[in-house]
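Dear colleague,

Please find below the structure that I am handing over to you. My notes on what was found in it follow directly after.

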Amino acid sequence: MEAAVHTCRLRRVYAYRRRDTVVALDDLSLTVDRNEIHGLLGPNGAGKTTLIKILSTVLLPSGGTARVLGHDVVAETRDVRSLVGLVLGGDRGLYDRLTARRNLLFWGALYKLDARTTRARAGALLERVGLGERADDPVEGYSRGMRQRLHLARGLLHEPRVLFLDEPTSGLDPAAAAAFRRLVLDLRAEGRTFLLATHDMDEATALCDRVTLIDRGRMLLSGEPARAGRFLGDRECVDYTDPDPALADAAAALPGVVDVERRDGAPGAWRVHTADRDGTRRVLAWLLDRDVLTARRGEPTLEEVYLRAVGDRGMTV
Ligand SMILES: Nc1ncnc2c1ncn2[C@@H]1O[C@H](COP(=O)(O)OP(=O)(O)OP(=O)(O)O)[C@@H](O)[C@H]1O
């Protein structure tokens with residue numbers, strides 16, 4: 001069976017300022033399985049939006065191939081368009097002076113749906129994304145969260161099987177973001193596939209079956225978020241909580257220990273990086289001997305793996 005998305009050595013080069021070029025996608029090969037929620041991670045300028053635009057047939061690749069449910073995005077544009085929904089964030093693609101319902105009717109006409117089908121789907125979708133009561137208000141009075149939900153309704157109007165979401169929860173309050181994620185899970189349960197570009201590592205961990213991290217248009221790693229540390233052939237580690245920094249210093253001097261760091265978030269939380277499984281056993285036994293009962297083998301979070309893979313570039317792109 002064809003994958004939901006398959007790219008092979010996909011390339012996109014932009015020309016700007018006449019002579020300069022930027023390689024946004026550099027021979028990127030990626031597979032998203034059917035019915036998967038796949039996270040696309042990467043720093044600003046990594047190429048996430050470029051990939052999503054190519055897969056939605058909005059942008060042409062410069063080289064390589066991309067297929068959606070077996071259809072080539074260049075040679076079979078029409079088929080691909082009927083199969084995919086694109087949900088961009090922000091203000092792109094919404095008409096402020098129109099009501100939410102009229103926005104959807106307009107898009108239904110663009111998708112060449114008949115008026116009755118569009119009307120029925122628009123009503124059902126607006127209810128589903130929680131905009132039923134505000135459906136006949138102009139979009140200019142909508143909050144950011146309401147706009148995001150309308151974007152999703154728009155992306156679902158032609159009942160696509162694969163959805164591309166570009167930072168769908170950025171700027172949403174925690175409750176709205178959680179509601180949005182529940183909706184994504186419900187839609188997946190109906191058999192849809194999602195490729196979701198996000199900068200939110202907690203969101204990727206909670207929502208995605210697999211994630212792919214790209215940087216400068218190349219894939220750095222791809223796999224399950226909970227096993228993120230293993231992507232990089234990662235070091236072992238032990239997490240424990242104890243207020244005494246002297247204990248951490250002593251742990252750092254043990255054989256098989258690479259380094260010890262304070263963990264963000266909880267006071268007195270430490271992570272001991274070990275060279276191998278033996279080092280981990282030794283540290284666990286040593287901590288237990290000292291009555292540190294909170295010690296356990298740790299897994300680096302997706303955010304930690306991300307920062308290690310991409311490096312700390314601060315604000316540079
Ligand atoms: N229309 C364009 N013309 C020239 N360069 C572009 C254009 N669109 C994107 N780029 C460049 O391509 C690269 C990838 O951009 P892209 O928007 O795909 O990144 P992104 O991963 O989505 O970033 P962000 O997380 O900031 O949204 C960047 O270097 C960007 O400057």
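Val257 has Thr274 as its bridge partner in β13. This pair belongs to the contact between β12 and strand β13 (residues 269–274), which are joined in the antiparallel sense by five bridges. Within β13, His273 is the residue that stands opposite Asp259. Please bear in mind throughout that this is a predicted model.

The two strands also form a hairpin, with six residues between β12 and β13. In that hairpin, Gly265 takes a positive phi near 100°.

On its other side, β13 pairs with β11, again in the antiparallel sense, and here over six bridges. Trp270 in β13 is the bridge partner of Tyr240. Taken together, these strands belong to an open sheet of four strands in the order β12-β13-β11-β14, paired antiparallel. Its edge strands, each of which pairs on one side only, are β12 (257–262) and β14 (296–297).

Two helices lie across this sheet. Helix α9 (residues 245–252) crosses β12 and β13 and runs at about 160° to β12. Helix α10 (residues 277–289) lies across β11 (236–241), β12, β13 and β14, and its direction is at about 15° to β11.

A second region that merits your attention is the surroundings of strand β7. Why can β7 be described as largely enclosed by the rest of the structure? The reason is that five of the five residues of this strand (residues 162–166) are buried. In a regular strand, side chains alternate between the two faces of the sheet. In β7, Val162, Phe164 and Asp166 point one way, whereas Leu163 and Leu165 point the other way, and all are buried.

Strand β7 has parallel neighbours. Strand β6 (residues 84–88) is joined to β7 by five bridges, the two running parallel, and five bridges likewise join β7 to strand β8 (residues 193–197), also in parallel. Asp166 takes part in both pairings: Asp166 is the bridge partner of Leu88, and Asp166 also stands opposite Ala197 in β8. The connection from β7 to β8 includes helix α6 (residues 174–189), and the three elements make a right-handed β-α-β unit.

The model also contains a ligand, and you may wish to inspect its shell. Which residues surround the ligand? They are Tyr14, Tyr16, Val22, Ala24, Gly42, Asn44, Gly45, Ala46, Gly47, Lys48, Thr49 and Thr50. At least two residues of this shell come from each of β1 (5–16), β2 (20–32) and α1 (48–55). The largest share, three residues, is supplied by α1. Sorted by class, the shell holds five nonpolar, six polar and one charged residues.

Finally, some figures for the protein as a whole. Its secondary structure comes to eleven helices and 14 strands. The C-alpha trace spans about 75 × 45 × 45 Å along its principal axes. Of the 317 residues, 38% count as buried. Among contacts between residues at least 6 apart in sequence, 68% join residues at least 24 apart.

With kind regards

How values were computed: Residues are numbered from 1 along each chain as its sequence is written. This is a predicted model: local features need pLDDT of at least 70, side-chain atom pairs count only at pLDDT 80 or more; totals for chains, interfaces and linings use all residues. Two strands pair if DSSP finds at least two bridges between them. Two residues are in contact if their C-beta atoms, placed from the backbone, lie within 7 Å. Axes are lines fitted to C-alpha atoms, for helices over the stretch in contact, and angles run from 0 to 180 degrees between N-to-C directions. A residue is buried if 20 or more other C-beta atoms lie within 10 Å of its own, exposed if 12 or fewer, and partly exposed in between; C-beta atoms are placed from the backbone. A crossover is right-handed if, with the strands pointing away from the viewer, the path from the first strand over the helix to the second runs clockwise. A residue is near a molecule or strand if its C-beta atom, placed from the backbone, lies within 6 Å of it. Ala, Val, Leu, Ile, Met, Phe, Trp, Tyr, Cys and Pro count as nonpolar, Asp, Glu, Lys and Arg as charged, and the others, Gly among them, as polar.
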